[in-house]
Amino acid sequence: MSKSDEVFVLDIGGKDNNNPIFKENKNNAFRELKEIKQELKKNNFPEKVIISSGEPTIHPNFFKIVAFIIGYGCKSIILKTNARMLSYSEFSNRLKNCNKIKYFIDVFGPDEEIHDKISNSEGSFKQAISGIRNLSSFDNEVNITIPIVNENNDKLIDTINFLEDYGISNFLFYLPETTTYDFFYKEKIYHNLKENISNLPNETLIQVGFENIPLCVFPENSYYGQKNILLKKRVYDEKCSECHKKTLCPGFSKEEFQYVDKMIIKPFTDIKSKVLNSQIRINKKSTIHIALEEIYKILFHFTEEKNIWDVIYELGYPIPLFLIIIEELQNEGLVEINGDKIKSQAKKKKPKEIIDQSDKRLESNPEVCQLLVSHEDIEKRINYITETCPGGGKMVLLGDDDFLSISLASTGLFDEIWVFEIDERIIDKINLIAKEKNLPITCVQHDLRQKIPKKYLHKFDAAYTDSPYYPNGFSLFISRCIDLLKKDLHLHIFSSFSCEMPIMDDELSVQDIINEMGLFIERKSMPANNIIPSYLAEKYSLFAKLNEIVFKNNKNLSQLDKWYLAALGRKEFLFHFLTTKDTNPIINGIFEEEIYYEDIPFDFYTNPKTVKNLNKIK
Ligand code: SF4
């Protein structure tokens, strides 16, 4: 797999139509389109481009530049803008379908007074907010960048709260390079900010990052990707040599370093940081991308000392790749090698006992195709998921009539479990049990036919879904999983799906859908039984009676019985997908087509006429 993490900074010239008090607004000339094209060509048409300048959107050839970059096949464009031009809908609408653009918009405060004072441009706040409002109907990722200066330092959280109403949940703070730092460190502003951020409610899923502020100043920094893109002359403390996040940390500017209380510099030496750092180093050397979870799995494979050849034999990695991985793990102090013996220094967190709350599940609702899986099979799946995702993190479930969230949360291996569920009865029940058992579960009532609200997009490490069996339903649920997962390679999607005989031919189309979404099938396994309601087995206990009611005398069957008789008996397989560089949802907007088989399955098996009609439709 090719790797393309390099980000190219394209300066298109021109000055800022704001005049921020914290930066020198250089009067650069706009660069010629021809020259810009040549520069991109010279740099082999980079896959990731940051368009920077005084203010890119006022460049007279702005749209031509964007069209050229998209046209040559660039995968991602970061547009740093003050959003004033975006307030003109005829301007912003021209960008509506450019979904490769990620916006980074400067907002200086929660109101006109503060923003315009810092931007030094009257009316700039109104225009920026109107631009953000115009973008809110787009599918693009929108990030807000907030400089921390004397004038807004007590309004930083207010700015977040204000913009949350516009569906924004990604915020990136930075210290302008030309500012003085004494107010930030001496007045302990960073300390207040840290506290206020940690008090933001969990349900908002607000992601706060710090572009050029050392990671140990704000250990919960959610943004790593920006390091060293635009930063120059950074310095580190001598303690930093022990830090396992140094490769990710932007360090300090020289001036900033003078004001820092050295006590706040605390090297990261925890296992997570070491694993993260080793992953970066491994992927610099390896031609194949290695995911974080794979590194955890490797590490946990030899918590007891093992012979090196036994490990090679058991893990299944090509030997050169194995050597790269182990060497980097050793460099991070995660592995001890002693001649032909190898031992991991990382201890695996032992999962707690899985709680069984299956007796509290609700009666199936055929309207939303709820078939319950036996708890025994749910347990097998949970064991598989916890083995596969040893790093934990945030798991999202789409549909949860089986209460898998409760059993999964009870293992204690995931930091957070989120459930998107249409049925309020299920949500109420899960919330009740989660509260009672003190489990980290958050439920969101949501009809997946509607778009996922922006604030939840790309926030999760793994996803599980129990989609309808109808190909449309499958496409929709998996597309929404992709929307919710972070944009990273080799993330896990577990999907419970009936794809076994006797309707294999009919569901073959699902394999095309999987390919179309650029997902890799890691495994298809663990057939699970759907629970047969006892009333059904009692009602039709004799073969002759069952045969008669299904084939000869089915006119008066209730909808529920009809549905059960068609749906039960098959087994639900668990698909395990991995995301790839080509992974993309195939359903993006609101989806209005049918996503469930109606009562066709019963007729499909019992009424040859219907089958003929279905064949004609095909
Ligand atoms: S210890 Fe040093 S390298 Fe590590 S996060 Fe802090 S400043 Fe950065």
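These legends go with four close-up views of a predicted model.

**View 1. The ligand and its surroundings.** Here the ligand sits in the second largest cavity. There are 13 residues around it, and the ones that come nearest are C216, C240, C243, C249 and P267. Sort this shell by class and you get 11 nonpolar residues, 2 charged ones and no polar ones.

**View 2. The largest nonpolar core.** This core has 70 residues, and L95, Y103, I144, F173, F184 and Y185 have the most contacts inside it. Helix α2 (residues 62-71) gives the most to this core, chipping in 5 residues. Take a look at Y103: leaving aside neighbours within four places in sequence, its contacts include L79, L86, L95, L135 and F138. There's also a second, separate core of 46 residues, with L398, Y456, L485 and Y596 among them.

**View 3. Two loop residues with positive phi.** Most residues other than glycine have a negative phi. N44 has a positive one, near 60°, and A83 does too, near 70°. You'll find N44 in the loop between α1 (33-42) and β2 (48-52), while A83 is in the loop between β3 (76-81) and α3 (89-92). Is each one buried or exposed? N44 counts as exposed because its relative accessibility is 66%, and A83 counts as buried because its value is 0%.

**View 4. Helix α21 and what follows.** This helix covers residues 559-567, and its buried residues are D561, K562, W563, Y564, A566 and A567. After α21 comes G569, with a positive phi near 100°.

Note on methods:
Residues numbered from 1 in each chain as written. Predicted model: local features only at pLDDT ≥ 70, side-chain atom pairs only at ≥ 80, totals over all residues. Heavy atoms only, no water. Near = heavy atom within 4 Å. 1 Å grid on protein atoms, 1.4 Å probe; cavity = no way out; pocket = protein on both sides within 12 Å on 5 of 7 lines; lining within 4 Å. Sits in = over half its atoms within 2 Å of the grid points. Nonpolar A, V, L, I, M, F, W, Y, C, P; charged D, E, K, R; others polar. Buried < 20%, exposed > 50% of the residue type's maximum accessible area, 1.4 Å probe, protein only. Helix = DSSP H or I, 4+ residues; strand = E, 2+ residues; numbered from the N terminus. Core = buried A, V, L, I, M, F, W, Y, C linked by side-chain atoms within 4.5 Å. Contact = heavy atoms within 4.5 Å.
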